[in-house]
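Thank you for making time this morning. I would like to walk you through one chain, element by element, and I will give the criteria as they come up.

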Amino acid sequence: MQMTMRWFGTGHDSVKLEQIRQVPGLTGVITTLYNTQPGEVWTREAIAAIKAEVEASGLVIAGIESVNIHDAIKTGAPEREKYIDNYITTLTRLGEAGIKLVCYNFMPVFDWTRTDLARKRSDGSTAMAYNQKIVDTIDPNDMSSAIQSNSNGYVMAGWEPERLAHLKELFAMYQDVDEEKLFENLCYFLKRIMPTCDKYGINMAIHPDDPAWSVFGLPRIINTKEKLLHLMRGVDNPHNGVTLCTGSLGTNPKNDIPDIIGSLKGRIHFAHVRNLRYNTPDDFEEAAHLSTDGSMDMYAIIKALYDIGFNGPIRPDHGRAIWGEVGMPGYGLYDRALGATYLNGLWEAVEKSSRK
Ligand SMILES: [Mn+2]
């Protein structure tokens with residue numbers, strides 16, 4: 001595996017490449033062109049520029065998170081052809097630049113959802129949290145503005161104000177899209193882009209729904225083992241793969257993460273590994289990566305990844321805000337650096353004990 005950290009780009013991130021490079025064992029970043037909108041073609045110049053900037057710091061771009069999918073592709077609107085063509089052009093340019101991993105999601109309207117970006121924990125740190133009772137009563141518009149106004153001045157990935165200014169229209173677009181239709185549209189998109197992925201060796205890694213169930217009545221199709229395997233069979237090409245995100249799949253305690261990992265051998269191209277703590281059936285908060293701080297067995301997760309021969313990029317996921325750091329919620333340096341170091345330690349232990 002290759003240990004990486006997400007980096008949003010100069011001007012969009014409180015963390016610098018020079019700091020990331022000093023985290024032990026960290027060799028790459030996962031980044032994106034933060035100023036591009038879903039459906040837009042990425043220019044060769046912009047790709048070359050971010051690549052040069054990352055490489056000048058002694059790191060490499062291990063993958064892109066994300067090249068976002070235009071809603072016309074998700075809803076299957078007639079103009080999807082144009083946007084799929086645009087996506088293929090972007091993939092081609094990434095492939096030509098030697099970038100071979102693209103994370104994306106197929107969640108309607110909202111990417112990840114949290115009801116609190118800075119819940120105070122007993123040790124004085126803050127973490128993002130989710131409460132279903134709040135989601136059941138809040139208007140999606142209020143949720144969107146709350147997230148924007150509590151993000152310490154940073155634009156949160158997936159909550160771009162340009163797109164969410166049109167929430168009503170977005171909801172209307174999905175009115176006739178049920179889970180089956182959304183799945184068909186996803187397979188249609190993947191089948192169209194697979195020849196380009198084959199040509200350049202690009203691994204597509206779908207990110208699971210976060211949380212792992214439907215919110216605001218919108219359909220969601222990537223949140224259980226069965227649904228992940230259904231998609232792997234639906235487009236049976238090794239380049240159609242998964243971002244194994246423990247914090248997203250793990251929002252549903254019924255998802256047995258090590259078992260899911262074992263069932264996806266050869267199809268996990270990217271891993272987001274973090275822990276969370278279930279408080280009540282309606283409430284969870286993001287924990288430190290350490291197993292004992294949350295509800296997940298991080299050793300079992302790392303061992304399962306090792307056992308299937310996982311060799312892609314892995315990154316610590318959302319961290320807590322600690323030591324007075326002010327950054328984008330979930331994406332400060334300190335707790336993610338602790339997380340990366342812990343995951344590296346688990347990996348070394350699993351690797352050495354397996355060799356005996
Ligand atoms: Mn994730």
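What follows goes through the barrel, the open sheet, a pair of helices and one loop residue.

Before that, a word on the source: this is a predicted model, in which local features need pLDDT of at least 70 and side-chain atom pairs count only at pLDDT 80 or more, while totals for chains, interfaces and linings use all residues. Residues are numbered from 1 along each chain as its sequence is written.

Let me begin with the barrel. It is closed, has 8 strands, and runs β1-β2-β3-β4-β7-β8-β9-β12 with parallel pairing, and the twist from one strand to the next averages 30 degrees. Strands here are DSSP runs of E with at least two residues, helices are runs of H or I with at least four residues, and both are numbered from the N terminus; two strands pair if DSSP finds at least two bridges between them. Angles are taken between N-to-C directions and run from 0 to 180 degrees, with axes being lines fitted to C-alpha atoms, for helices over the stretch in contact.

Within the barrel, strand β3 (residues 60–65) pairs with β4 in the parallel sense over 2 bridges, and E65 has C103 in β4 as its bridge partner. Further round, strand β8 (residues 240–245) is joined to β9 by 4 bridges, again in the parallel sense, with T243 opposite F270 in β9. On to β12 (residues 313–316), β9 makes 3 bridges and runs parallel, and there A271 has I314 as its bridge partner. How much of β9 itself is buried? For strand β9 (residues 268–273), 6 of its 6 residues are buried, where buried requires 20 or more other C-beta atoms within 10 Å of a residue's own, exposed means 12 or fewer, partly exposed lies in between, and C-beta atoms are placed from the backbone.

The second sheet is an open one of 4 strands, ordered β5-β6-β11-β10, with antiparallel pairing. Because β5 (116–120) and β10 (276–280) stand at the edges with a single partner strand each, one side of each is left without a neighbour in the sheet. The twist in this sheet averages 40 degrees from one strand to the next. At one edge, β5 and β6 (residues 126–131) pair over 3 bridges, D116 being the bridge partner of A129; the two form a hairpin with 5 residues between them, and G124 in the turn has a positive phi of about 90 degrees. At the other edge, 4 bridges join β10 to β11 (residues 283–286), and L276 stands opposite E286.

Now the helices. The axes of α4 (residues 80–96) and α9 (residues 179–200) come within 10 Å and cross at roughly 20 degrees, which makes the two roughly parallel, a label given to angles under 35 degrees, whereas over 145 is roughly antiparallel, 65 to 115 roughly perpendicular and the rest oblique. Among the residues that meet are I84 and Y87 in α4 and F189 and R192 in α9.

Finally, D111 lies in the loop between β4 (101–104) and β5. It counts as partly exposed, because 17 C-beta neighbours fall inside 10 Å. Leaving aside neighbours within four places in sequence, D111 is in contact (C-beta atoms, placed from the backbone, within 7 Å) with N105, A157 and G158. The C-alpha atoms of D111 and P211, 100 residues apart along the chain, are separated by 9.4 Å.

Definitions and conventions:
Two residues are in contact if their C-beta atoms, placed from the backbone, lie within 7 Å.
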